[in-house]
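Biologist: Thanks for sitting down with me over this one. Could you open the structure so that we can go through it together?

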Amino acid sequence: MNKIFDGFYYVGVNDRVTHKFESLWPIPLGVSYNSYLVKGENKIALIDGVELSEIDTLNENIHEAIGKTAPDYLIINHMEPDHSGAIKILHNLYPDMVIVGNSKTLDMVKGYYGITENTLKVADNDTLDLGGLTLTFKLTPMVHWPETMMTYVNEWKMLFSGDAFGCFGAINGGILDSDTDVEMYIPEMYRYYSNIVGKYGAFVQKAIAKFADTKIDYICPTHGPIWHEARERVVGIYDRLSKYEAETGVTIVYGSMYGHTEKMADTIARQLAKRGIKNIRIHNAANTDLSYILSDIFKYKGLIIGAPTYSNSLFPPIEALLYAIANREVKNRVVASFGNFTWGGQAVKRINAAFEQTKLAAPDVISVEAKMNPDEAAHNNCIALADAVADNLLGQDGTSN
Ligand code: FEO
């Protein structure tokens, strides 16, 4: 039984079958859909649900925790179907269980599952008494859907945060962070944030500000471990990422059909390393899944993008990447571009136009474009590009990171 302590049970499930979360993002380490039971002296609340196909496991976990007793409430912090998919079956299994959500949540409960009866609408700061335990509801819209809210258990100083502070990676035995290898989850937190939540940094900031004066001992997200010992570290990661703050380092992303643009990427990376930059990540956009590239773009301050001209336009995987960057409103990066062509250069012009559109190009973009196999001049220009980026990142004294 997944009892965390008296009155508090983890009843969530692991998904190590789905290949792509949201049909988009690979999850080689799996993902957990976290569901929790909070048992007061009088009432029991089930907080968040699971994906539809996992209903049997959820129900077994509930029975194991509280026997044949039915939960009195289902608290819905987030309606996305990885958490709400099982609601309709839960509603049939436990017809007296009251479904609790804000007005936007209940609209979605009706729209998705046709449920309108036995619901309880809550507003910001409303409370629900379970007997010796008080749930306080805090609306945190657009983290990352309009209805998202968080639930705080006053007596335990415990925050059920929805997707916020979550990560990819199934629960591998240890549910509390103190019982597991946290380091496995940190890269998956960057990837989760940058891909799922990344567009909504301003709203994450509002949510963090909302709890600035609240003591929180436990953070229970809908994905990944419960954060207790590492809670400050995790909030710090979400805080920095949502402010688009980044570490010293450079992400180089390129497309290359026949190796010429790739050669430029390696020349640039080599010079950055000579200048003392250690955190350099090079991605071939045609081979590396977009989710890993975006994760590094959120992590590192430098962003250098290169592509060949393709059909008088931009190499398609780089075009897709530039769209994803714009969609997430990435800010405050040191950017540069490079490219290659055989008879008509389009790539650099188009990368720079995308930078300008996303306001990443302030004031100018450093660029190099080579014709066919990069000659000595192009090679030297790549070195100059790397030097300019390094100067910007490290300061003119060339201090190493
Ligand atoms: Fe985990 Fe936004 O659903």
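Biologist: Let's start with N77: is this residue buried or exposed?
Modeller: A word first: this is a predicted model. N77 is found in the loop between β9 (73-75) and α2 (81-84). Its relative accessible area is 0%, and the cut-off for burial is under 20%, so N77 is buried.

Biologist: Which residue has a side chain joined to that of N77 by a polar contact?
Modeller: Setting aside neighbours within four places in sequence, N77 is in contact with I47, D48, E147, T148, M149, M150, T151 and F160. From that list, the side chain that makes a polar contact with N77, at 2.7 Å, belongs to T151.

Biologist: Over to helix α8 (residues 260-274), where A265 is found. What residues does A265 touch, leaving out those up to four places away in sequence?
Modeller: A265 has 0% relative accessibility, so it counts as buried. One partner, I282, is 17 residues away in sequence, with 7.8 Å between the two C-alpha atoms. The full set touched by A265 is I252, Y254, I282 and F338.

Biologist: Now for strand β16 (residues 218-221): which residues point the way opposite to Y218 and C220?
Modeller: Y218 and C220 point one way from the strand, and all four of its residues are buried, whichever way they point. On the other side of β16 are I219 and P221.

Biologist: And what stands opposite L159 in β16?
Modeller: Strand β15 (residues 158-162) pairs with β16 over 4 bridges, in the parallel sense. Within this pairing, the residue of β16 that stands opposite L159 is I219.

Biologist: I'd like to turn to charges. How many salt bridges does the count come to?
Modeller: One of them joins the side chains of R233 and E183, at 2.8 Å from N to O. R233 lies in helix α7 (residues 231-242) and E183 in helix α5 (residues 182-197), so this pair ties together parts that are 50 residues apart in sequence. The count comes to 11 salt bridges.

Biologist: Are R233 and E183 buried, partly exposed or exposed?
Modeller: R233 has 39% relative accessibility, and E183 has a relative accessible area of 47%. Buried means under 20% and exposed over 50%, so both residues count as partly exposed.

Biologist: How far apart in sequence are R191 and E188?
Modeller: Their side chains meet in a salt bridge of 2.8 Å, N to O. R191 is buried, at 1% relative accessible area, and E188 is buried too, at 6%. Both lie in helix α5, about one turn of the helix from each other, with a separation of 3 residues.

Biologist: Which residue forms a salt bridge with D391?
Modeller: D391 is partly exposed, with a relative accessible area of 23%. Its closest N and O atoms to those of the partner are 2.7 Å apart, and the partner is R275.

Biologist: What parts of the chain does that pair link?
Modeller: The two residues are 116 apart, so to speak, in distant parts of the chain. The parts linked are helix α12 (residues 376-394), with D391, and the loop between α8 and β18 (280-284), with R275.

Biologist: K331 caught my eye in the loop between α10 (316-327) and β21 (334-341). Which backbone oxygen does its side chain reach?
Modeller: K331 is partly exposed, at 36% relative accessible area. Leaving out residues up to four places away in sequence, K331 touches Y244 and L360. Its side chain reaches, at 3.0 Å, the backbone oxygen of E329.

Biologist: Let's look at the surface: which residues form a nonpolar patch there?
Modeller: One member, L52, lies in the loop between β8 (44-47) and α1 (55-66). L52 has a relative accessible area of 44%, so it passes the cut-off of over 30% for a patch. Together the members have about 240 Å² of accessible area, and they are L52, I89 and L93.

Biologist: To finish with the whole chain, what share of its residues count as buried?
Modeller: The chain has 12 helices and 22 strands, and its C-alpha atoms fill a box of roughly 80 × 45 × 35 Å along the principal axes. Its accessible surface comes to about 16700 Å². Of the 401 residues, the share that count as buried is 57%.

Key. Residues are numbered from 1 along each chain as its sequence is written. This is a predicted model: local features need pLDDT of at least 70, side-chain atom pairs count only at pLDDT 80 or more; totals for chains, interfaces and linings use all residues. Side-chain values use heavy atoms; hydrogens and water are left out. Patches are made of residues with over 30% relative accessible area and no salt bridge: like charges are joined within 9 Å, nonpolar side chains (Val, Leu, Ile, Met, Phe, Trp, Tyr) within 5 Å. Accessible areas come from the Shrake-Rupley method with a 1.4 Å probe; for residues, only the protein chains shown count as cover. A salt bridge is a side-chain nitrogen of Lys or Arg within 4 Å of a carboxyl oxygen of Asp or Glu. Buried means under 20% relative accessible area, exposed over 50%, partly exposed in between (1.4 Å probe, protein chains only). Two strands pair if DSSP finds at least two bridges between them. Contact means heavy atoms within 4.5 Å. A polar contact is a pair of N or O atoms within 3.5 Å; within protein, one must be able to donate a hydrogen and the other to accept it, and residues adjacent in sequence count only if both atoms are side-chain atoms.
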